[in-house]
Amino acid sequence: MLRIALQSKGRLNEKSLALLRDAGIAIEENNRRLLSQASNFPVELLYLRDDDIPQTVSCGIADVGIVGLNEVMERGFDVEILQHLGFGKCRLSLAIPKNLDYTGPEFFNGRKIATSYPGILKKYFLEKGVDCGIREIAGSVEISPAIGLADGIFDIVSSGGTLIQNGLKEVEKVMDSDAVLIGTPGLDKEKREVADILMSRFTSILRSKGKKYMLVNVPNEKIEEALAIIPSMKSPTLLPLADKGWSAIHAVVDESEVWDKADRLKKIGAEDILILSMEKLIV
Ligand code: ATP
Ligand code: MG
């Protein structure tokens, strides 16, 4: 039985559960308890505050956990980062009132910064040789400069909208973060096997993100040209059509390239271009 720690509520909760469900793990919909077992896979889920996940995994109370990389770095517990999961993307940045001139990290010498991430910030200032005071606060960090609590802030940024609303500007990005799967160092063989299955399912789900399945009919004499336009992951599938002189090409393409490829294929005489969503890509 592999015990997975995940956020009980908050920004990562829903996406963590969706990923597990996508990976075929049956999780009870209602009646969510602190600890619940999946009915079809040897895992149980432990719901926690995200702050507590790194420590819980580090000491082996949970075997793996899904948490923001920012929390992992801040807490500094010994855990293995097994996989980046691609959601919960944000960055940790320094921001100052927008009317101040920013000259570089030395700007922060002798100033005070409010943050909920003192560990990461201390390390950053140490590396930069900057002597800056740190005020640790648990929330509403972005109002600190306006109320005179600090000269700037160090906090999570995603769109930057909150900074603008509070008259702040982002001046240094210190780290990027996304949700990661972490594991207890040295998991035993049985648990590692379950974790490996889980990771390979996650990989299949992540691989299919941003991909589309393209089907296109081309005249046989245009196959070479068409294949040059749609290189696929390995080799595209080529099937003869009942209509003599025509073939169908099936290929996996990046979503961002779908329109460009479709336009170029049409230009060389391709017809009936079908673009389908892809759910999972298991290789
Ligand atoms: P908890 O109650 O579990 O302690 P919390 O309030 O500390 O929750 P949330 O706000 O739910 O934390 O954020 C959880 C994680 O989601 C963050 O640590 C970060 O990795 C990520 N995150 C936070 N804000 C954003 C954002 N604006 N965009 C994307 N990801 C974010
Ligand atoms: Mg938290």
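Before we start, two strands count as paired if DSSP finds at least two bridges between them. Helices (H or I, at least four residues) and strands (E, at least two) are DSSP runs numbered from the N terminus.

This is a predicted model, where local features need pLDDT of at least 70 and side-chain atom pairs count only at pLDDT 80 or more, while totals for chains, interfaces and linings use all residues. Residues are numbered from 1 along each chain as its sequence is written, chains are lettered from A and ligands numbered from 1 in the order in which they are written, and side-chain values use heavy atoms, with hydrogens and water left out.

**Exercise 1. Work out the order of the five-stranded sheet and find what lies across it.**

Step 1. Read off the strands: the open sheet runs β8-β7-β9-β6-β10, with mixed pairing.

Step 2. Look at the ends. β8 (133–136) and β10 (168–177) each have a single partner strand, so one side of each has no neighbour in the sheet.

Step 3. Check the twist, which averages 25 degrees from one strand to the next. (Axes are lines fitted to C-alpha atoms, for helices over the stretch in contact, and angles run from 0 to 180 degrees between N-to-C directions.)

Step 4. Zoom in on one pair: β7 (112–115) and β9 are parallel, with 3 bridges. Here Ile113 sits opposite Gly152 of β9.

Step 5. Add the helix. α4 (118–128) lies across β6 (90–97), β7, β8, β9 and β10, at about 175 degrees to β8. Contact means heavy atoms within 4.5 Å.

**Exercise 2. Do the same for the sheet of 4 strands.**

Step 1. Its order is β13-β14-β12-β15, an open sheet with antiparallel pairing.

Step 2. β13 (237–240) and β15 (271–277) are the edge strands, each pairing on one side only.

Step 3. β12 (211–219) joins β15 through 5 antiparallel bridges; Tyr213 has Leu276 of β15 as its bridge partner.

Step 4. Helix α8 (258–267) packs on this sheet, touching β12, β14 (246–254) and β15, and its direction makes about 0 degrees with that of β12.

**Exercise 3. Place the largest pocket among the domains.**

Step 1. Split the chain into domain 1 (2–87 + 178–207), domain 2 (90–177) and domain 3 (210–277); the bounds come from an automatic or database domain assignment.

Step 2. Domains 1 and 2 both contribute lining residues, so the largest pocket lies between them.

Step 3. Note the volume, about 1100 Å³. (On a 1 Å grid over the protein atoms alone, a pocket is an open set of points where a 1.4 Å probe fits, with protein on both sides within 12 Å along at least five of seven lines; lining residues have an atom within 4 Å of a point.)

Step 4. Of the 40 lining residues, Arg11, Asn70, Tyr117, Asp155 and Ile156 are closest to the centre.

Technical notes: Grid points are joined across faces, edges and corners, and a volume is the space filled by probe spheres set on the points.
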